[in-house]
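User: Please take a close look at the contact between the two chains in this model. A connected account, with some context from elsewhere in the structure, would be most useful.

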2 protein chains.
Amino acid sequence: MERLRKHIEQIAQISDQQFEYIKPFFAMKRVRKNQYLINEGDEVKYEFLVLSGIYKVFYVDAQGKEFIVQFAQTDWWMSDYQAFFKKQQATMHIQCVEEGEVLFSTLEVREQLASELHQMEHFFRVKLTNGYVAQQQRIKLLLSSTPQQRYEAFSKLYPTLLQRLPKKVIAEYLGVSRETLSRLYSK
Amino acid sequence: MERLRKHIEQIAQISDQQFEYIKPFFAMKRVRKNQYLINEGDEVKYEFLVLSGIYKVFYVDAQGKEFIVQFAQTDWWMSDYQAFFKKQQATMHIQCVEEGEVLFSTLEVREQLASELHQMEHFFRVKLTNGYVAQQQRIKLLLSSTPQQRYEAFSKLYPTLLQRLPKKVIAEYLGVSRETLSRLYSK
């Protein structure tokens, strides 16, 4: 739980007393490789803060083809946020790519902590700001016309993911074939 | 400025006195069709709240091809947020598609109001939450494999934009040719 405190205090200073209050709202979970945290059709009760490991948020179209919306690694929050915030059924999956640990909590916790503690409202706002900017980059990457541009943008933004993820998964994220990706790697 | 108050109070209640304090931090601007609010390479000082009109946020690649990242209409905030938050040069343009009015303010204003008034921190957090969810939808739309799926997702999410925007602009947003779009319209 000290990790949670460090994570919050990168953005907002909180007192010992405040942290003692915040702590019990979060629970920890170990996640094995390939394990699902959210499945399409689920009621989405939780959002997850990644302590370690890598996770992919993706959806599957009517033809069974998989599309990766985002990756999440240490210090990222993740959920099917449309479903989480609007209390709808999940339209996406979250699956573990590299084993690790996550903290999780509910929408009610997020809203309660934000409402009771200005610092927590600030914390969540800053995290959303970062997430919003990252998504704007993701959209630009998807719009990029050539596989080469997508690959370059990705390797600049997430050099560690480029090292750690299986090529198959990166190819899916970039929306290119494995052959194309191999060609880009060898350049 | 009453529009600003209504906009804030859809999310957070503020007193008359608080609104009198907030008001002078925002300025109003009329925008003509085709006018630019941000140009690539600009220092991005402002974010904009749309009171009326339609705007497109887009970038241009090395070959001069235009890619629309998002549209903005009434009650949406817009900027090149990467550049705005990180005080970098703009990598995107914002241009008016249908004339209207916007309010604008700076990053310093956003941070000051959020820090001084818990309600404003809450207001900005909720707006970011909505923007984050909309972007997750935009990413899903871009990942969709067929033009038909993209078109259907767009018309479900933004029926009014479908009516009001030129077909050329919609085709750019969906990343399909005008001919393909016409075929989808006629279905």
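Analyst: What follows describes the contact between the chains first, and then two local sites away from that topic. The model is a predicted one.

Chain A and chain B bury about 4,000 Å² between them, and 60% of that area lies on carbon and sulfur atoms. Each partner is represented in the contact: 40 residues come from chain A and 40 residues from chain B. Three residues of chain A deserve mention by name, since R125(A), Y132(A) and L143(A) supply 20% of the area that chain A buries against chain B. That is more than any other three residues supply.

The polar side of the contact can be described as well. Between chain A and chain B there are 4 salt bridges. R125(A), already named for its part in the buried area, forms a salt bridge with E121(B), in which the closest N and O atoms are 2.5 Å apart. Counting residue pairs in polar contact, with both residues at pLDDT 80 or more, gives 20 between chain A and chain B. As for the elements involved, β5 (66-72), α3 (81-86), α4 (107-116) and α5 (118-143) of chain A each supply at least two residues of the side that touches chain B. The largest share of that side, 18 residues, comes from α5(A).

A strand of chain A offers a second view. Strand β3 of chain A, residues 46-50, is mostly covered, with 4 of its 5 residues buried. β3(A) pairs with strand β8 (residues 100-106) of chain A in the antiparallel sense, over 5 bridges. Within this pairing, E47(A) stands opposite S105(A) in β8(A). β3(A) is also joined to strand β6 (residues 77-78) of chain A by 2 bridges, and these strands run antiparallel too. Here L49(A) stands opposite W77(A) in β6(A).

The last site is a charged residue in chain B. D61(B) is placed in the loop between β4 (54-60) and β5 (66-72) of chain B. D61(B) is buried yet has no salt bridge. The nearest side chain of opposite charge belongs to K65(B), 6.6 Å away, whereas the cut-off for a salt bridge is 4 Å. The side chain of D61(B) does have a polar neighbour in the backbone: one of its polar atoms lies 2.9 Å from the backbone nitrogen of Q63(B).

Key
Residues are numbered from 1 along each chain as its sequence is written. Chains are lettered from A and ligands numbered from 1 in the order in which they are written. This is a predicted model: local features need pLDDT of at least 70, side-chain atom pairs count only at pLDDT 80 or more; totals for chains, interfaces and linings use all residues. Side-chain values use heavy atoms; hydrogens and water are left out. Buried means under 20% relative accessible area, exposed over 50%, partly exposed in between (1.4 Å probe, protein chains only). Lys and Arg count as positive and Asp and Glu as negative; His and the chain ends are not counted. A polar contact is a pair of N or O atoms within 3.5 Å; within protein, one must be able to donate a hydrogen and the other to accept it, and residues adjacent in sequence count only if both atoms are side-chain atoms. Two strands pair if DSSP finds at least two bridges between them. Contact means heavy atoms within 4.5 Å. Buried area is the accessible area (1.4 Å probe) that two parts lose on being put together, summed over both.
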